[in-house]
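The following exchange asks on what grounds certain structural terms are applied to this entry. Each answer sets a value against the criterion behind the term.

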Amino acid sequence: MSGLSYAYYPGCSGLGTSSEYDSSTRAVCKALFMELSDVPDWSCCGSSPAHAVDHALSAALSARNLARVRAMDRDDVLTPCPSCLTNLRTADHRMRDEAFAARANSLLDAPYKGGVRARSVLQAIVEDVGMEMVRASVVRPLKGMKVAAYYGCIMNRPPELMAFDDPEHPMAMDLLMEAAGATVLPFPLKVECCGASFGVPRPDVTARLSARLLLTAREIGAEAIVTACPLCQMNLDLRQNQAARFAGTAFEIPVFYFTQLLGLALGAPEGSLGLDKLCVSPARVLEAPAAGETNLTQGSRS
Amino acid sequence: MDVLDLSASYDADFVARVQAESGQNTALCYQCGNCTAGCPYTFAYDIPVSRIMRLVQAGQRRAVLSCRSIWLCATCESCTTRCPNDIDVARIMDVLRHMARREGFATERNVKVFWDSFLDSVRRHGRVFEAGLLARYVFLTGRFWTDADLAPRILPKNKLGLKPHAIKGQAEMAKIFQRFAEQEGRS
Ligand code: SF4
Ligand code: SF4
C-alpha cells in the first residue's frame with residue numbers, strides 16, 4: 001500500500017482544545033500510509049459564527065483555504081473536523097454560482113476558482129484505504145471494549161452536500177471500530193445534536209442535549225463513546241459534569257476520538273494519541289494503571 | 001404567545017427578501033411539522049421552526065426577526081434533511097439571523113456576543129485563539145465566566161494555548177473583514 005497523499009486542513013481547535021484529535025489523526029494516517037501535507041498558512045474557516053453572520057463572508061473565509069489547496073496543485077483536501085468540512089464543502093458548492101462567487105471573491109485578495117473537494121479523514125480512510133486493509137493492519141484489537149459511535153449532526157447532513165454514508169444511520173465509525181476489535185452497540189442518537197457551540201453562551205441548553213446522549217449511551221451499556229467531532233467531544237467530555245448536574249446523576253464515560261482508539265489498535269505510538277488529554281480518564285476502560293502511561297491495552301479483559 | 005393579525009402586517013418585501021437571500025421557495029411549506037419534530041432545540045425556542053416558516057409565508061417580519069429561536073438554531077441540518085419538500089430550512093434560519101442582525105434585533109445577546117468574539121479573534125489572528133475568545137466574551141458580557149467549574153478540568157490538560165497562533169496572512173484576513181464591513185455599510 002502506498003501513494004496515498006493528501007492536503008490536510010487541521011482546523012483551529014486542533015491547535016487547542018482538540019489537540020489530541022489532530023495528533024491521533026496524524027498517527028493513524030501514518031500507520032495507514034496516508035501522507036498528509038498541511039495547507040500552507042491555512043486560516044480559520046469561520047465555523048458557525050461566520051455563516052450565522054453572512055454567507056459570502058463565510059464562503060470567503062473557507063475559500064481562502066481552498067485556493068491555497070489549489071496552489072498546492074491538488075484538488076482534494078482532508079480535514080478531521082465536521083464543522084470545517086461543512087464550511088469548506090458549502091463554500092465550494094455555493095461558489096459554483098457565478099453571482100455568489102463574485103460576492104465571496106470580492107472579499108478576497110486572490111479569487112478561488114473552484115475545483116477542490118473536501119472530505120473528512122474518516123471518509124478517506126473508509127474509501128481510499130478500505131475496511132479490509134484497516135482490519136489487516138490491526139495489531140492490538142480492542143477486545144471486549146463496548147462503545148457507542150456518535151457522529152454528531154453535520155458529519156453526514158444534509159446528504160446532498162456531504163455525500164457520504166447514511167444521513168440518519170451512518171455506519172462508517174461503527175465499522176471502523178468493529179474492524180479495530182471493539183464491540184459496537186446500536187446507538188439510537190447517532191446524529192442528534194450535542195448542544196453545538198452553545199456551551200459558552202447557553203450552557204443550560206448544551207447540558208440538556210449532552211445529558212440525553214450520555215444517559216442513552218449508559219442505558220445501552222456503552223463503556224465509552226467514540227466521536228469524530230471536536231465540539232461533540234468537548235461537550236460530552238469537558239462538560240460531562242455539567243450534563244450530569246442537569247440530569248441529577250454522575251457520569252464516568254470516557255469520550256474518545258475514533259482516531260485515538262483506531263491508533264491504539266493499529267499500534268501507533270501512545271505518546272501521539274493524547275489519551276492523557278481526555279478529561280474523563282479512559283484508564284478504567286483501557287484496563288491500565290493510568291492513561292498516558294505505557295502498555296495501556298496490554299491487560300487482557302476477562 | 002401573542003395572537004397576530006396576519007392580514008394587517010403582511011410584509012411582501014420581507015417574504016421576497018427571505019426567498020432571494022436563501023434561494024428557497026417558502027411557499028412550498030405545507031406545515032407538516034417534520035422540521036419541528038426533529039429539531040433538537042424546540043424545547044428552547046420561543047417559536048418552533050415550522051411556525052417560523054408559516055410566519056415567513058405570512059410576511060410577519062417583526063415577529064420573526066425578534067424571536068429567540070433564530071439565535072438558538074445550531075444549523076444541525078435535521079430540518080433540511082427531513083423536509084419532504086426539499087426546503088433548505090436551516091439556510092432560511094441562517095438568513096433570518098442575518099436580517100435580524102442587520103436590522104438591530106439580538107434577542108439572545110450572549111449568543112451574538114459569543115459569535116462576534118469568535119469572528120473578532122479570526123480577524124485579529126487568522127485562526128481562532130480560544131483563550132482570547134473566552135476572555136473577550138467574559139469582558140463583553142460583563143459576566144464572570146459561567147464555566148469557571150471547567151477550569152480545573154481543562155487547565156491541567158495543557159490544551160488551551162495562552163498565545164495566539166499568528167499566521168502570515170494576518171493582514172489578508174483583516175482585509176476580508178474590512179471589505180465585508182464596507183460592503184455591509186453600503187448596502
Ligand atoms: S418539514 Fe418542510 S414542509 Fe414540513 S413544516 Fe417544515 S418546512 Fe414546512
Ligand atoms: S437546523 Fe436549526 S431549526 Fe433546523 S432542526 Fe437544527 S436546530 Fe432546529
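**Cores and sheet**

In this predicted model, the largest nonpolar core comprises 95 residues, and B:Tyr41, B:Ile52 and B:Leu96 have the most contacts inside it.

Q: Which helix gives the most to this core?
A: Helix α3 of chain A (residues 55-71) does, with nine residues.

Q: What makes A:Phe198 and B:Leu72 contacts of B:Tyr41?
A: Contact requires heavy atoms within 4.5 Å. Beyond its neighbours within four places in sequence, B:Tyr41 is in contact with residues including A:Phe198, A:Val205, A:Leu209, B:Leu72 and B:Ala74; the criterion is therefore met for A:Phe198 and B:Leu72.

Q: Why is the set that includes A:Met177 and A:Leu278 called a core?
A: A nonpolar core joins buried residues of listed types, Met, Ala, Leu and Val among them, through side-chain atoms within 4.5 Å. A second, separate core of 51 residues includes A:Met177, A:Ala224, A:Leu278 and A:Val285, so these residues satisfy that rule.

Q: Why are β1 and β3 of chain A said to pair?
A: Pairing requires at least two bridges. Strands β1 (residues 4-8) and β3 (residues 76-79) of chain A have two bridges, in the parallel sense, and therefore qualify as a pair. A:Ala7 stands opposite A:Val77 in β3(A).

Q: What makes β2 and β4 of chain A edge strands?
A: The open, parallel sheet of four strands has the order β2-β1-β3-β4 in chain A. Strands β2 (34-38) and β4 (117-120) of chain A each pair on one side only. The twist averages 45° from one strand to the next.

Key:
Residues numbered from 1 in each chain as written. Chains lettered and ligands numbered in written order. Predicted model: local features only at pLDDT ≥ 70, side-chain atom pairs only at ≥ 80, totals over all residues. Heavy atoms only, no water. Axes fitted to C-alpha atoms, helices over the stretch in contact; angles between N-to-C directions. Buried < 20%, exposed > 50% of the residue type's maximum accessible area, 1.4 Å probe, protein only.
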